[in-house]
Amino acid sequence: MQAFTLPDFYMSYPARINPHLERSREHSAAWARRMGMLDSPKPGGGVVWDEAALARMDYALMCAYTHPDCDGPTLDLITDWYVWVFFFDDHFLEQFKYSRDLAGAKAHLDRLELFMTAEGETPPEPANPAEAGLKDLWERTVPAMSLGWRRRFITSTHNLMVESMWELDNIDRGRIANPIEYVQMRRRVGGAPWSANLVEYAVGAEIPDGLAGTRPMRVLSDTFSDAVHLRNDLFSYQREVREEGENSNAVLVFERFFGCSTQEAAELVNDLLTSRLQQFENTALTEVPALLAENVVPVHEQAGVAAYVKGLQDWQSGGHEWHARSSRYMNEGAVSGPGGALGSPTGLGTSAARPVFSPGRLGLRRRVQQQSHLPFQQVGHLPLPELYMPYPIRTSPHLDAARRYAAGWARQMGMFDSVPGVEIGGMWDERRFVGFDFAHCAAMIHADASPEQLNLSSDWLAWGTYGDDYFPVVFGATRDLLAAKLCNDRLSAFMPLDTGTPIPEPTNAIERGLADLWRRTAGPMSPPARRQFRTAVEDMTSSWLWELANQAQHRVPDPVDYIEMRRKTFGSDMTMSLARLAHSDVVPPEIYQTRVMRELDTAAQDYACFTNDLFSYQKEIEFEGEVHNLVLVVENFLNVDRWKARDVVADLMTTRMRQFEHILANDLPALFDDFALDEPVRRILTRHADDLKEWMSGILEWHRRCVRYTEAELRRNRIMGASAETGFSFLPTGLGTSAVRVAASAGSQRPSR
């Protein structure tokens, strides 16, 4: 029996099939045989695949559906890549996952990487079918592609191979990931970003290097990947969880986190799949055209981007069709009749005549939910449950002096001055600023700072919060996205990479404050570190434009997009970047790219971001008409009341904190050993983890004590700032901790302890 009934899937475009299918079936079977994949032994006897098993799985059919327009030789090569990646997965399962052989798995993966050679390098002699296949495919593929594409493809291939260790480690520990960790890691281990790279090859159009790292192109790849993986998890639950003992499956993750039935978990996974597909569509229709126009992309490259987007869409539709047919998956009822959905015609050329799954009620309901939120609802105070916090608070002895200093700096920068278009005259007054008490937050998250460092940290907090308040008040009410973008674009001029470069005359408090902070913070940095830090600041300020765009569309964000962008709007990405740059000459840069350090940072970031969302719920929803709050996002996605949504957010905070603790206890020591890190590097990374503990505990304590989120303060400011014409309050929407702990490493280079 199937573990659950497959849900109704959202699919807004029909699957089509490549006319070169039969040729690729013959070619791929012969290629697999030549590489040794059809007689590769299993440890317990038998073989990983035989010819009959390969024919049943029919990867040529999958590639014919997912790449319907490429020519025969291209389809052959694409199919060979997929035969290789599925063989790699099954071979890895038999050789290492069942036996829990972590050491053997690591050695196997390390050697595989040697076959993705750079120009002029010679690979070793292949010792098994996975190595033989990768060597052959690499030599046939990379000559046609640019160096930029090769770098991206190497990264994707590295991730899908190496991150298999995460799955293996979780199986070994009997550990099931939390939902946020799972989506992040599945994106890397599942291989769909790798598939997106192959789409570029198949459509004969590469993403220009200058665009590949931008938010719109990254979101296209990420939403494509998440949808591919969530769909695969639905179809493969029976085999992976019930038969093979896997625990890396979204349905299982949702079962455990929500404490619900398998059927209910499957429906939730399908809801998230739908949301990710609709995020893909929204990005393709709104953000990509703006990106192309802003960068004055030539017409031929615009056509290439369009072909890439269409290729990703074809992959989604075709991948679904193949899952509904392949013997590899649980798909009873997905295709009815002798070979078609709902008994419709089948065979070459007929797929386009019949939509396999239409957008239907699920897609319409999801869109209506996202765009029907009523702003300024009277929600009242949201009592909070006990929040899990295992780490104590420390406070700087220089707090009182920092408090005396803080208001003077804010006044000097103009943060209490009038702002055009704001009826109350200014964004803040001194009384409100004193109540915010940024110095107290800085003193807890940077307890060992010198007086000068503490002042700098407090000033970054004030500036980041002021900017985050300024944009929605000045540009959000009027929906003037162009003016907001021009304002944001000017900020880069106040962060010159060459310290001798003159800056423009500041015209407002944001520009004046940033110019002062940049001089004090980035001046001592090396040029490469200064460049990375400026990028991190730009990521934070550009995220404010993302918020304005969602408000202009009156759109509650997709849950995954919200969580990933929330780290930027909160300023936490910038904070982590700065902490890393302070030790860039001691810690090898690749260490910060490992799963361990990435998950350590994002777990801490999410805990702090969600803390703010819980405390600011009434402020943002009732008094500001905001849509950027995780409690609201969960309400909207799960269709539950705010009380249930509050509890889900608190549970997410707990699971992220438990993950943080797990990494400290298990993964960080293993990282030290795996990379044979010397004692100074170990001390720096340990101190980084200790700083994150104080960062989280300090932010939680600040929220508990700050008047910014109290109902009395909110009502006082509404009375002071209400518009006579609209009755709406022009209150700021800052997050309170947008650039926390920025000075912890920037100006000090203090020793680790």
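This report walks through a predicted model of one protein chain, from its overall make-up to its cavities and a few individual residues.

**Overall picture**

The fold is helical through and through: the chain has 32 helices and zero strands. Of its 753 residues, 62% count as buried. Long-range pairings dominate the contact list, too. Taking the contacts with a separation of 6 or more, 78% are between residues 24 or more positions apart.

How far can you trust the coordinates? Mean pLDDT for the chain is 87, and 89% of the residues reach 70 or more. Two stretches deserve some caution. Over residues 336-358 pLDDT stays under 50, and the model has 42 contacts beyond four places in sequence for that segment. Residues 722-753 also stay under 50, with 125 contacts beyond four places in sequence. Where pLDDT is low, the predicted coordinates should not be read in detail.

**Cavities**

Searching the whole structure turns up ten cavities of 30 Å³ or more. The largest has a volume of about 560 Å³, and the second largest holds about 320 Å³. Here is how their linings break down by class.

| Cavity | Nonpolar residues | Polar residues | Charged residues |
|---|---|---|---|
| Largest | 13 | eight | ten |
| Second largest | 17 | one | two |

Start with the largest cavity. Its lining is made of 31 residues, and those nearest the centre are Phe86, Asp89, Arg186, Gly190 and Asn232. Two or more lining residues come from each of α4 (72-97), α8 (164-173), α9 (179-189), α10 (192-203), α12 (215-243) and α15 (299-323). Which element gives the most to this lining? That's α4, with eight residues.

The second largest cavity is lined by 20 residues, with Pro179, Ile180, Leu272, Pro559 and Ile563 nearest its centre. At least two lining residues each come from α9, α13 (250-258), α24 (559-569), α28 (630-638) and α29 (642-674). So α9 shows up again: it is on the list for the largest cavity and on the list for the second largest, as the DSSP runs define it.

**A helix under cover**

Helix α13, one of the contributors to the second largest cavity, is worth a look of its own. Seven of its nine residues are buried, so the helix is largely enclosed by the rest of the structure. The buried ones are Ala250, Val251, Leu252, Val253, Phe254, Glu255 and Phe257. What lies over them? The cover includes α9, α12, α14 (262-294) and α29.

**Two residues of α8**

Helix α8 holds both serine 164 and asparagine 170. Is serine 164 buried or exposed? Its relative accessibility is 4%, which means it counts as buried, since the cut-off is under 20%. Leaving out neighbours within four places in sequence, serine 164 is in contact with Phe88, Phe92 and Val189. Serine 164 and leucine 93 are 71 residues apart in sequence, yet their C-alpha atoms are 9.7 Å apart in space.

Asparagine 170 is buried as well, with a relative accessible area of 3%. Beyond residues up to four places away in sequence, asparagine 170 touches Arg175 and Asn247.

**Cysteines**

There are zero disulfides anywhere in the structure. Take cysteine 70, which is in no disulfide: the nearest cysteine sulfur belongs to cysteine 63 and is 8.5 Å away. Cysteine 70 is buried, at 7% relative accessible area. Cysteine 260 counts as buried too, at 18% relative accessibility.

**Two positive phi angles**

Finally, a pair of backbone oddities to check on screen. Aspartate 437 has phi near 55°, a positive value in a residue other than glycine. Aspartate 437 is in the loop between α18 (430-436) and α19 (438-445), and at 18% relative accessibility it counts as buried.

Alanine 676 is the other case, with a positive phi near 50°, again in a residue other than glycine. Where does alanine 676 sit? It is in the loop between α29 and α30 (679-705). At 62% relative accessibility, alanine 676 counts as exposed, whereas aspartate 437 is buried.

Note on methods. Residues are numbered from 1 along each chain as its sequence is written. This is a predicted model: local features need pLDDT of at least 70, side-chain atom pairs count only at pLDDT 80 or more; totals for chains, interfaces and linings use all residues. Side-chain values use heavy atoms; hydrogens and water are left out. On a 1 Å grid over the protein atoms alone, a cavity is a set of points where a 1.4 Å probe fits but cannot get out, and a pocket is an open set with protein on both sides within 12 Å along at least five of seven lines; lining residues have an atom within 4 Å of a point. Grid points are joined across faces, edges and corners, and a volume is the space filled by probe spheres set on the points. Helices (H or I, at least four residues) and strands (E, at least two) are DSSP runs, numbered from the N terminus. Ala, Val, Leu, Ile, Met, Phe, Trp, Tyr, Cys and Pro count as nonpolar, Asp, Glu, Lys and Arg as charged, and the others, Gly among them, as polar. Buried means under 20% relative accessible area, exposed over 50%, partly exposed in between (1.4 Å probe, protein chains only). Contact means heavy atoms within 4.5 Å. pLDDT is the predictor's confidence in each residue, from 0 to 100. A disulfide is a pair of cysteine sulfur atoms within 2.5 Å.
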